[in-house]
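Please work through the exercises below with the sequence and the structure at hand. Each task is followed by a solution in steps.

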Amino acid sequence: ATLVFFLLAFWLLVPPAEPLIKLARPLGLAIGQAAAPADAVYADGYSEPGMVFYASLPASQPIRALPGDDAALAALLEAPPAMVLIAEESRFARINGLAGTRPFAIIGQFEARNPNAGMRNQKILLAKRAAIAANNGG
């Protein structure tokens, strides 16, 4: 009877509490909805295997880590494809400042205590920016 009680309590209490401590599922689902097949997807400051799983992106569209130094990051941000960005709120302004004439627009905000980061409260932004329009010879 005690085992049944604990299993029932676990089943009733954990699912409602999970969004308070786990960002992976809601963030991953939002990434999967936001990322078009041609979009590059980058993460900075947050990367969990569960997020990658829930994003359900094809193997040809991995979630890559942003380069750490500003010169390499600025060079990457000059690339023409549309991009989806997953970044901690504290890092977003620096990244967006290097984005030049194609800044990122925030399309989602996620906040939870991350058990994989010592229960540190994390606020993660999901952002997107358009591709550089193709030059039609004009």
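The exercises that follow concern a predicted model.

**Exercise 1.** Determine how many helices and strands the chain has and in which pattern they follow one another.

*Solution.* Counting the elements gives five helices and five strands. Reading along the sequence then yields the pattern α-α-β-α-β-α-β-α-β-β.

**Exercise 2.** Locate Gln-61 and decide whether this residue is buried or exposed.

*Solution.* The first step is the position: Gln-61 belongs to the loop between α3 (49-55) and β2 (63-65). The second step is the accessibility. Buried means under 20% relative accessible area; Gln-61 has 6% relative accessibility and therefore counts as buried.

**Exercise 3.** Identify which residues Gln-61 touches, leaving aside those up to four places away in sequence, and find what its side chain reaches.

*Solution.* The residues touched under this condition are Ala-35, Ala-36, Pro-37, Asp-39 and Val-41. Next, the side chain of Gln-61 is followed to the backbone oxygen of Asp-39, which it reaches at 2.9 Å.

**Exercise 4.** Place Ser-56, classify it as buried or exposed, and examine its phi.

*Solution.* Ser-56 is found in the loop between α3 and β2. Exposed means over 50% relative accessible area; because Ser-56 has 59% relative accessibility, it counts as exposed. Its phi is near 55 degrees, a positive value in a residue other than glycine. Most residues other than glycine have a negative phi.

**Exercise 5.** State what share of the chain counts as buried.

*Solution.* The chain has 138 residues, and 33% of them count as buried.

Note on methods
Residues numbered from 1 in each chain as written. Predicted model: local features only at pLDDT ≥ 70, side-chain atom pairs only at ≥ 80, totals over all residues. Heavy atoms only, no water. Helix = DSSP H or I, 4+ residues; strand = E, 2+ residues; numbered from the N terminus. Buried < 20%, exposed > 50% of the residue type's maximum accessible area, 1.4 Å probe, protein only. Polar contact = N/O pair within 3.5 Å; in protein donor to acceptor, adjacent residues only side chain to side chain. Contact = heavy atoms within 4.5 Å.
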